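This report describes the strands, helices and charge-ring contacts of one protein model. Please look at the sequence and the structure before reading on.

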Amino acid sequence: MKNPPSRRRALGRRVPGGGASGALAGVLGGIARTAARLCDARDAAIRVCEGNQARLVAHHGVLPSSTAVGDVVPTDRRWPGGEAIVERRIVHVRDLTAALTRGRYAAQHSGPTPARVRTGTLLAAPIVIEGRAVGVIVVSRRRVKAFTSRQIALLVSFADQAGTAIEKARLAGELAARDADLSESLEQQAATSAILRLIGDSSTDLRPMFEAIVQDAARLCEARNAQIFRIDGEAMRLVARCGVKSTLEVGEARAITSHTVSGQAILEARTIHLPDLLAEVEAAYPEIAPAIRREGIRTTLGVPLRREGRPIGAITVYRTEVRPFSARQVALLQTFADQAVIAIENVRLFTELQARNAELTEALAQQTATGEILGIISRSPTDIQPVLDTMVESAARLCEASDVSIFQQDGDRLRLVANHGPIPASAHPCRWSVAGS
C-alpha cells in the first residue's frame, strides 16, 4: 500500500542508518568531502535543523565512536555549530581546547573534543535560506592553526551550496507531496463518483453499492478489513465486508452494544478512532476480545450511518499494525458512510414511489371500471344484462380472478345471471337455471 502524504513529506528525515533522504544525502556528502579537502581540514560535518535540534546528515573524516550520522544536538550556543546557527554568522574557534577550558562551550555539545577525537581549530558556517538558518557546516583540524580568509570564504560558499541543495530538495519534496495529494484526491473522487453512479443505476439492489463502498474504503484507507452494518430491529446486521473474515458472515446479525466498535459508533452516533484496539479491548470491548486477539486487530475506525441525525448503521475499518488513520482518511470514511445512507434512502424512496404508483394505478382502474358500469346503466335503463356482464368482466380484471359469477335468488333457488370465465361446475342445470335459457 502507498504511504499517506504525511509519511512521504520532508526534508532531512532520517532513513535507515541515519542521514538525509534520497539524493540530498549524496549531495551533502559530496559538499562535506570537498569542504574538508579544500579547507585543509581533518573532517567536515553538515547538520540540518529540525525544530530546536540539529541532525547530523553528512560527514567526512573521523567520527568519535559515540557519534553517528543521524545524531542530534541542541541548536544553542553551547557548541560552535549551534552558535553559528543561532547568530547566523561564521564562528571561528582558533583553539577549541582553550575555549572549553574557559567554559565558552559545553564539552558534551562541542563536537569532537580532545577526550574523544583531538580537535584544535574549528570553523562553523551557518546554512541560511531566505534569512533563516536551516543548518550548519563545520570543519575542524587536529592541530591549532587558524583557517585563512580564503578558506573561510570557501566554507561560506559551501554553506550556500548546501542551502541550495536543501531548498531544492524541500521544493522537490513539496512538489512530490502535492502530486501525491492530487493523485490521492483524484483516486478518491473517482471512487466516490463510481459509487454515486451505482446508486443512480440501481433502484432497489443495495448489495453492489455496499460491496463497492467496502472495497474502496479498504483500499483508500489502507485498511486490512472494511465492513458495513445496518440496524435490523434490535440488532445490527452485516451487509457487506471486504478483507479477512470477521466473527460474522454477511447476512448474520449481533446485538447492538457499546462493547463493539460498530455498536458504540451506532449508540453514540459519533466517529470512533482507536489507535490500538488490542491495548484496550479487555476493558472496553470484552465481547469481541477473543476475535481481536486472534486476528491481531490494532488501529480501528468506526463511523455511524446517519439519516436525519438518527443512526441506521455503521461502517468500520481496521489495520493489523498501530498506525492511526489520517484526517483525510477519516473524512473519506465519513463520505463513504454518507454515500451508504444515500443508497439506502434512494432505495427506500424508490420502493415507496413504486407502492404509491401501484396504489394510484389500482384506484384509477377501479374508477374507470365504475365509470364504465355507470355509462352502460345510463345507456341501457331497461336492459340490465349488459350491466351485469360488464361488472363480471371488470371484477375479474381488477381482482385478478380467472372467473367471476353473479347469482340472483329466484324463490328457493339461485339463478346464474352473469359469468366471466368457465361456468362453475356448481351451476349444473339440474340445480340451477341459467338466465336467458
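In which sense do strand 7 and strand 12 pair, and over how many bridges? Strand 7 (residues 225-232) and strand 12 (residues 310-318) are antiparallel partners, joined over six bridges. Here two strands pair if DSSP finds at least two bridges between them. Helices (H or I, at least four residues) and strands (E, at least two) are DSSP runs, numbered from the N terminus.

This is a predicted model: local features need pLDDT of at least 70, side-chain atom pairs count only at pLDDT 80 or more, and totals for chains, interfaces and linings use all residues. Residues are numbered from 1 along each chain as its sequence is written, and side-chain values use heavy atoms, without hydrogens and water.

**The sheet with strands 7 to 12**

Strands 7 and 12 belong to an open sheet of six strands in the order 9-8-7-12-11-10, with antiparallel pairing. Strand 9 (253-255) and strand 10 (272-274) are at the edges and have a single partner strand each, so one side of each has no neighbour in the sheet. On average, neighbouring strands of this sheet are turned by 25° against each other, direction ignored. Ala226 has Val317 of strand 12 as its bridge partner.

**The sheet with strands 1 to 6**

Another open sheet of six strands, again with antiparallel pairing, has the order 3-2-1-6-5-4. Its edges are strand 3 (72-74) and strand 4 (91-93), each with a single partner strand, so one side of each is left without a neighbour in the sheet. Strand 4 pairs with strand 5 (residues 121-129) in the antiparallel sense over three bridges. Within strand 5, Ala124 is the residue opposite Val91.

**Helices on the sheets**

A helix packs on each sheet, as the table shows. Contact means heavy atoms within 4.5 Å. Angles run from 0 to 180 degrees between N-to-C directions, and axes are lines fitted to C-alpha atoms, for helices over the stretch in contact.

| Helix | Strands touched | Angle of directions |
|---|---|---|
| Helix 7 (residues 261-268) | strands 7, 8, 10, 11 and 12 | about 145° with strand 12 |
| Helix 3 (residues 80-87) | strands 1, 2, 4, 5 and 6 | about 150° with strand 6 |

**Charges over rings**

The charged end of Arg47 sits over the ring of Trp79, 5.7 Å from its centre. Arg141 has its charged end over the ring of Phe147, 3.9 Å from the ring centre. The rule asks for NZ of Lys or CZ of Arg within 6 Å of the ring centre and within 35 degrees of the ring normal.

**Confidence**

The protein has a mean pLDDT (the predictor's confidence in each residue, from 0 to 100) of 81, and 80% of its residues reach 70 or more. Over residues 112-117 the pLDDT is below 50.
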